[in-house]
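Colleague: I've got some "why do you call it that?" questions for you. Could you pull up the structure first?

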Amino acid sequence: MIHQDIINYNNSKTEEDQAICNKLLEIIHGKLFDFENKLWHAHPVWFENGNPIVGYDKLKNGVRLMFWSGASFEEQELKLGSGKFKDASKTYTSVAEINITEVERWLQKSTTIQWDYKNIVKRKGVLERLK
């Protein structure tokens with residue numbers, strides 16, 4: 001089930017950004033329908049066993065689709081995050097830019113390649129690989 005806060009988040013965006021958010025929601029929920037989802041740090045995020053794996057948020061230059069462990073996916077289309085974390089993302093400015101097959105492949109990788117963000121505070125900022 002999609003958390004109502006995510007639907008409200010999408011509905012609060014401009015028409016083009018709402019179309020991007022709704023398409024990402026459709027693709028993500030289609031593949032991760034049984035995963036926990038909620039607003040986390042003010043944007044939609046999906047979790048596996050309490051560990052964040054994918055989410056999206058509105059930035060000035062578009063809607064960013066982010067994978068917490070995406071730097072380990074070895075995907076050229078994903079922009080690597082900066083710093084010590086293992087995140088990577090792709091930013092969309094129109095719904096036509098979304099390649100469904102590509103996003104579905106990344107979603108599959110997000111469930112098989114994971115770093116432990118759930119316990120990062122307990123480990124004082126040190127990430128350990130889960131899968």
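Modeller: Here is a run through the labels, with the reasoning behind each; keep in mind that this is a predicted model.

Colleague: Let's start with the helices. Why are H2 and H3 called oblique to each other?

Modeller: Helix H2 (residues 15-31) and helix H3 (residues 100-112) pack at an angle of about 45°, with their axes 10 Å apart. Roughly parallel would need an angle under 35 degrees, and roughly perpendicular runs from 65 to 115. An angle of about 45° fits neither, so H2 and H3 are oblique. The crossing of H2 and H3 is also right-handed.

Colleague: Which residues make that contact?

Modeller: On the H2 side, Lys 23, Ile 27, Ile 28 and Lys 31. H3 brings Ile 100, Val 103, Glu 104 and Leu 107. Sorted by class, that's five nonpolar residues and three charged ones, with no polar residue in the contact of H2 with H3.

Colleague: And what makes H1 and H2 roughly antiparallel?

Modeller: The axes of helix H1 (residues 4-11) and H2 cross at roughly 150° and come within 8 Å. The cut-off for roughly antiparallel is over 145 degrees, so H1 and H2 get that label. The contact is made by Ile 6, Tyr 9, Asn 10 and Asn 11 of H1, together with Gln 18, Cys 21, Asn 22 and Leu 25 of H2. By class, the contact of H1 with H2 has four nonpolar and four polar residues, and no charged ones.

Colleague: On to the rings. How do you know that Trp 40 and Trp 68 form an aromatic pair, and what makes it tilted?

Modeller: The rings sit 5.9 Å centre to centre, and a pair needs centres within 6.5 Å. The planes are 45° apart; stacked would take under 30 degrees and edge-to-face over 60, so the pair of Trp 40 and Trp 68 is tilted. This pair links distant parts of the chain, 28 residues apart: Trp 40 is in strand S1 and Trp 68 in the loop between S4 and S5.

Colleague: Is Trp 68 buried or exposed, and where does Trp 40 fall?

Modeller: Trp 68 has a relative accessible area of 8%. Buried means under 20%, so Trp 68 is buried. Trp 40 comes out at 28%, between that cut-off and the 50% one for exposed, so Trp 40 counts as partly exposed.

Colleague: How many aromatic pairs are there by this rule?

Modeller: Six. Ring pairs also link Tyr 9, Trp 46 and Tyr 56 into a cluster.

Colleague: What makes Ser 89 a buried residue?

Modeller: Ser 89 has a relative accessible area of 11%, and the cut-off is under 20%, so Ser 89 is buried. Ser 89 lies in strand S6 (residues 88-92). Leaving out residues up to four places away in sequence, Ser 89 touches Arg 64, Leu 65, Met 66, Glu 77, Leu 78 and Lys 79.

Colleague: Last one: why single out Ala 42 for its phi?

Modeller: Most residues other than glycine have a negative phi. Ala 42 isn't a glycine, yet its phi is positive, about 75°. Ala 42 is in the loop between strand S1 (36-40) and strand S2 (43-48). At 60% relative accessibility, against a cut-off of over 50%, Ala 42 counts as exposed.

Colleague: And what about Glu 74?

Modeller: Glu 74 has a positive phi of about 55°, again without being a glycine. Glu 74 is found in the loop between strand S4 (62-67) and strand S5 (79-80). With a relative accessible area of 75%, Glu 74 is exposed.

How values were computed. Residues numbered from 1 in each chain as written. Predicted model: local features only at pLDDT ≥ 70, side-chain atom pairs only at ≥ 80, totals over all residues. Heavy atoms only, no water. Helix = DSSP H or I, 4+ residues; strand = E, 2+ residues; numbered from the N terminus. Buried < 20%, exposed > 50% of the residue type's maximum accessible area, 1.4 Å probe, protein only. Axes fitted to C-alpha atoms, helices over the stretch in contact; angles between N-to-C directions. Left-handed = near helix turned anticlockwise from the far one by under 90°. Contact = heavy atoms within 4.5 Å. Nonpolar A, V, L, I, M, F, W, Y, C, P; charged D, E, K, R; others polar.
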